[in-house]
Amino acid sequence: MRVRAPNPSPMTLDGTNSYVIDAGGGAAIVVDPGPPIESHLDAIGAAAEALDAKITAIAVTLGHPDHAPGAAPLAARTGAPVYAHRDARFPHDRELADGDLLRVGDTALRVIEAPGHARDHVVFWLEDEKTLFTGDVVLGMGTVVIAPPGGDMRAYQATLDRLRRDFSGASAILGGHGERVGDPLAKLDAYIAHRKSREREVLDALESGPQTIPALVKIIYAGVSRVLWPAASRQVLAYLIALEREGRISHRALERAATADERAILEPDLSKIADPASRAVANAELGYDEASSAIEEYALR
Ligand SMILES: [Zn+2]
């Protein structure tokens with residue numbers, strides 16, 4: 001059963017999806033308790049009751065503020081242990097590593113480490129239902145933001161490739177946001193192709209000479225609302241970091257500060273997001289810790 005949290009925002013779409021799985025034997029697993037909103041935790045509890053099951057495991061896909069913080073209060077309500085990636089920084093009781101089986105009732109969730117969007121990301125495979133619980137790796141709608149420093153483009157692409165290769169028999173993807181995906185292979189193929197074509201666009205734009213990130217965003221995302229340009233700039237940075245690591249491009253600092261126009265593209269004005277919880281999600285998603293006035297130029301090698 002899906003229970004959608006009342007935390008809609010540009011980063012969370014219609015809100016975070018929590019899932020309550022009937023594990024058999026009167027037990028239930030909650031995947032992604034979501035934000036610590038009382039009414040949402042009530043709704044998760046009601047879903048378990050409707051299944052005539054007691055919540056005995058809380059499994060979290062990633063530590064972002066729209067997925068994990070409900071775990072502690074839900075654990076306090078239910079006494080269920082919290083399972084999370086071994087590198088997770090939020091409170092958890094059991095560590096998960098690749099290949100682990102999280103057994104509850106008559107059910108097992110297989111753990112797939114899934115870095116790329118976040119370092120502490122795991123995906124769960126419910127063999128019985130041939131279903132992947134993908135958190136923020138694959139969404140029901142749109143694409144995923146890969147923003148350094150937590151986000152790593154090549155790690156993300158490797159995760160997508162692995163899901164495509166190892167779970168070609170999947171019949172559904174249940175993501176952290178949006179609707180159920182009924183054609184997992186087509187979705188994964190589209191995600192994989194999208195990343196390749198965006199990278200091609202970055203390289204094509206650099207063919208004509210060195211470019212700053214704001215200049216690349218203006219070229220590549222010309223047809224996209226300016227509101228999304230700051231998120232796009234993080235995405236472009238993720239491609240540039242990958243390409244530089246592979247020796248295909250280099251960068252140098254320009255001897256001037258970023259202009260107001262450039263800064264508007266590099267740094268989103270999060271103060272416009274009035275709700276502090278949504279602001280925290282945007283910060284986590286976009287990886288903004290330090291604001292810098294430096295501006296750099298990237299060139300093909
Ligand atoms: Zn999310």
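This is a stop-by-stop tour of a predicted model, with a suggestion at each stop of what to select and what to look for there.

**Stop 1: the two domains**

Start by colouring residues 2-193 as domain 1 and residues 201-300 as domain 2. If you place a marker at the C-alpha centre of each, the two markers will sit 29 Å apart. Now turn to the border between them: 17 residues of domain 1 are in contact with 17 residues of domain 2. On the domain 1 side, the touching residues comprise 9 nonpolar, 6 polar and 2 charged ones.

**Stop 2: the six-stranded sheet**

Next, show β1 to β6 as a cartoon. These strands make an open sheet of 6, ordered β1-β2-β3-β4-β5-β6, and the pairing is mixed. Which strands stand at the edges? They are β1 (2-4) and β6 (94-96); each has a single partner strand, so one side of each has no neighbour in the sheet. Look along the sheet for its twist, which averages 25° from one strand to the next.

Zoom in on β3 (residues 27-31) and β4 (residues 54-59). The two run parallel and are joined by 5 bridges. For a landmark, select I29 together with A57, its bridge partner in β4.

**Stop 3: helices on that sheet**

Keep the sheet on screen and add α1, residues 38-50. Helix α1 lies across β1, β2 (17-24), β3 and β4, and runs at about 25° to β2. Then add α2, residues 71-78, which packs on the sheet and touches β3, β4 and β5 (82-85). The direction of α2 makes about 155° with that of β4.

**Stop 4: two backbone details**

A short detour takes you to two loops. Select D32, in the loop between β3 and α1. What is the phi of D32? Its value is near 60°, positive in a residue other than glycine. Most residues other than glycine have a negative phi, and most peptide bonds are trans.

For the second detail, go to P148 and P149, which are joined by a cis peptide bond with omega about 5°. P149 lies in the loop between β10 (131-135) and α3.

**Stop 5: α3 against α4**

Continue to α3 (residues 153-166) and show it with α4. Their axes come within 10 Å and cross at roughly 155°. Since angles over 145 degrees count as roughly antiparallel, α3 and α4 are therefore roughly antiparallel to each other. The crossing of α3 past α4 is left-handed.

To see what makes the contact, turn on side chains as follows:

- From α3, pick Q157, L160, D161, L163 and R164.
- From α4, pick L185, L188, Y191, I192 and R195.

Coloured by class, this contact shows 6 nonpolar, 1 polar and 3 charged residues.

**Stop 6: the three-stranded sheet**

Now select β12, β13 and β14. Here 3 strands form an open sheet in the order β12-β14-β13, with antiparallel pairing. β12 (211-212) and β13 (249-257) are at the edges with a single partner strand each, so one side of each is left without a neighbour in the sheet. Helix α4 (residues 184-207) packs on this sheet, touching β12, β13 and β14, and its direction makes about 90° with that of β14.

Look closer at the pairings. β13 is joined to β14 (residues 294-300) by 6 antiparallel bridges. Within this pair, S250 stands opposite A299 in β14, and R252 has E297 as its bridge partner in β14. β12 and β14 pair over 2 bridges, also in the antiparallel sense. There, Q211 has Y298 of β14 as its bridge partner.

**Stop 7: α5 against α6**

Finish with α5 (residues 213-220) and α6 (residues 229-245). How do the two helix axes cross? They come within 9 Å and cross at roughly 110°, which makes α5 roughly perpendicular to α6. The crossing of α5 past α6 is right-handed.

Show these side chains for the last view:

- On α5, the contact residues are I213, P214, L216, V217 and I220.
- On α6, they are W229, A232, S233, V236 and L237.

This contact has 9 nonpolar residues, 1 polar residue and no charged ones.

Note on methods. Residues numbered from 1 in each chain as written. Predicted model: local features only at pLDDT ≥ 70, side-chain atom pairs only at ≥ 80, totals over all residues. Axes fitted to C-alpha atoms, helices over the stretch in contact; angles between N-to-C directions. Helix = DSSP H or I, 4+ residues; strand = E, 2+ residues; numbered from the N terminus. Parallel < 35°, antiparallel > 145°, perpendicular 65-115°, else oblique. Left-handed = near helix turned anticlockwise from the far one by under 90°. Contact = placed C-beta atoms within 7 Å. Nonpolar A, V, L, I, M, F, W, Y, C, P; charged D, E, K, R; others polar. Pairing = 2+ DSSP bridges. Domains from an automatic or database assignment.
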